[in-house]
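Here are my notes on this one, for someone opening it fresh. Keep the viewer at hand and follow the points in order.

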Amino acid sequence: MIRSYEAIVVGAGPAGLATSRELARAGVEHRVLERGDQVGYTWANLYDSLALHTGRHLSALPGLAFPSGTPLFPPRRDFLDYLHRYASTFNLPIDTSSDVRKIERRDDRWAVRLRTGTTLEARTLVVATGIVANPYLPEIPGRDRFTGRVMHSVDYRRPAGMKGKRVLVVGAGNSAGEISVELARAGADVTLAVRTGATIVPREILGIPIQYLSVILHPLPRTLVQHLTTAVGRLRGPRVLPLPARTLCPKVPLIENRRGLALAEALRARTIHLQGGLTAFTAAGVCFSDGTEQPFDEVVLATGFRAALGFLDGEITRDPCGFGRRRDRVVSLDRPNLCFVGHNYDTRGGLYNISIDGARAAREVTRALRDTGRTSTGTRPARSER
Ligand SMILES: Cc1cc2nc3c(=O)[nH]c(=O)nc-3n(C[C@H](O)[C@H](O)[C@H](O)COP(=O)(O)OP(=O)(O)OC[C@H]3O[C@@H](n4cnc5c(N)ncnc54)[C@H](O)[C@@H]3O)c2cc1C
């Protein structure tokens, strides 16, 4: 007996929750499948000190504002509470501990196989599995020889136990910056290895989140916005990191919080040391691109993530940034009745984009159901069985 739905949403992070709420509003009978033991599983497991770098007014999901009294930049714990409240406010149909392993197109339906072996079916599919479930670990020669500890930033929680240790943080993103500063403040001897560079911008200007300015400037040509970003980066003094490499993929600047992340100051004062790219591990440390070798006790790879889409291998092709190829922001170019939410990243913030794309995906799903024979919305029995 296979349970069958009009739509299945994979992932109960912000993207899956926003989509589910919009599907429910449209009367689409659906299920949200989440591998973790709770909604917002990603946010339940990121580092303790993390806070949104986007403002609460433009980080809320459709239909529910943050409660009054929430800080302008909500801390991780507040954001997680918000996601839980979102799911319960709209009574969203979520199955936790439902790890999706394989999804295939069978005739005119999607067959969704869980780790438990159970298979579910749906006429339409929304993939909202984000990127954090797929941390990127670059191939670095000699890793087996290194006697210290190597972890990805996704496994970093707090600086306890790092005092006095020589720690190398690899990367030029917000996690790399925040973790470096936190470890240095906790008494670790921190080096930051940056291969491609980044622009550091303040989190707010005159009390206004820089993200809000990004939203206003977004319609301008991309190169003009990049020039403006560079100019804003210079407001706090000369550049401390190399220029970011040109890439087709969205590159979010390093957003500096004066009270929390003070990376530029720390790099200038050399309380955090700067190095180029990491080329190899040695037994006691690493080699850098300038040929120097240094000992380290710990290496934190803040090397980013890739879209978590392995369960769709063979069904879809990817764009140059690793996301599913799509049109109109969310619609798969490869397969019918498939949308992706949470695949649009830019300086307006992933959450801002999710609030647009959840509604868009729900409209596409509703249209697809109508076009494939569903006559009305919200009137079918809750579940059909085969
Ligand atoms: C450290 C960090 C900080 C960020 N800060 C901000 C910020 O301040 N502002 C902002 O706008 N954006 C921010 N982002 C970017 C983005 O908005 C967030 O990553 C956001 O959580 C994306 O939502 P999502 O639902 O797409 O992905 P996620 O939050 O990762 O949710 C995806 C869900 O899918 C589940 N899942 C994955 N694979 C499977 C599977 N096979 N089967 C079932 N379930 C699965 C996961 O467990 C997870 O619950 C940040 C990202 C990171 C990594």
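1. Start at Leu192, which sits opposite Leu274 of β14. This is a predicted model, by the way. The strand to look at here is β9, residues 189-193, which runs parallel to β14 and is joined to it by four bridges.

2. What about the other neighbour of β9? That is β8, again parallel, with five bridges linking β8 and β9. One pair to click on is Val170 and Ala193: Val170 has Ala193 in β9 as its bridge partner. Is β9 mostly covered or mostly open? Mostly covered, with four of its five residues buried.

3. Now zoom out to the whole sheet. It is open and parallel, and its five strands come in the order β7-β18-β8-β9-β14. The edges are held by β7 (149-152) and β14 (272-275); each has a single partner strand, so one side of each has no neighbour in the sheet. From one strand to the next, the twist averages 20°. As a reminder, strands in a sheet pair through backbone hydrogen bonds, and the pairing can be parallel or antiparallel.

4. Which strands does helix α4 lie across? The helix, residues 174-185, crosses β8 (166-170), β9, β14 and β18 (298-301). Against β9 in particular, α4 runs at about 165°.

5. There is another sheet to find, and this one is antiparallel: an open, three-stranded sheet ordered β15-β16-β17. Here β15 (278-281) and β17 (293-295) are the edge strands, each with a single partner, so each has one side left without a neighbour in the sheet. Ignoring direction, neighbouring strands of this sheet are turned by 30° against each other on average.

6. Within that sheet, β15 and β16 (residues 285-288) pair in the antiparallel sense over three bridges. For a landmark, take Leu278, whose bridge partner in β16 is Phe288.

7. Helix α5 (residues 210-217) deserves a look from its end. Its buried residues are Ile210, Gln211 and Ser214. Viewed down the axis of α5, these buried residues fall within an arc of 100°, so they line one face of the helix. The general rule behind such patterns is that an α-helix has 3.6 residues a turn, so residues three or four places apart point the same way. And what covers the buried residues of α5? The cover includes β10 (200-202), β11 (204-205), β12 (208-209) and β13 (254-256).

8. Next, a loop residue. Ala133 is found in the loop between β6 (119-127) and β7. Buried or exposed? Ala133 counts as buried because 20 other C-beta atoms lie within 10 Å, and the cut-off for buried is 20 or more. Also check Arg35: although Ala133 and Arg35 are 98 residues apart along the chain, their C-alpha atoms are separated by 9.8 Å.

9. Last, the overall layout. The chain is divided into domain 1, made of 3-134 + 305-371, and domain 2, which spans 143-301. Taken over C-alpha atoms, the two domain centres are 28 Å apart. How many residues are in contact across the two domains? On the domain 1 side there are 18, touching 19 in domain 2. By class, the domain 1 side of that contact has nine nonpolar, six polar and three charged residues.

Key:
Residues are numbered from 1 along each chain as its sequence is written. This is a predicted model: local features need pLDDT of at least 70, side-chain atom pairs count only at pLDDT 80 or more; totals for chains, interfaces and linings use all residues. Domain bounds come from an automatic or database domain assignment. Two residues are in contact if their C-beta atoms, placed from the backbone, lie within 7 Å. Ala, Val, Leu, Ile, Met, Phe, Trp, Tyr, Cys and Pro count as nonpolar, Asp, Glu, Lys and Arg as charged, and the others, Gly among them, as polar. A residue is buried if 20 or more other C-beta atoms lie within 10 Å of its own, exposed if 12 or fewer, and partly exposed in between; C-beta atoms are placed from the backbone. Helices (H or I, at least four residues) and strands (E, at least two) are DSSP runs, numbered from the N terminus. The arc is that of the directions from the helix axis to the C-beta atoms. Two strands pair if DSSP finds at least two bridges between them. Axes are lines fitted to C-alpha atoms, for helices over the stretch in contact, and angles run from 0 to 180 degrees between N-to-C directions.
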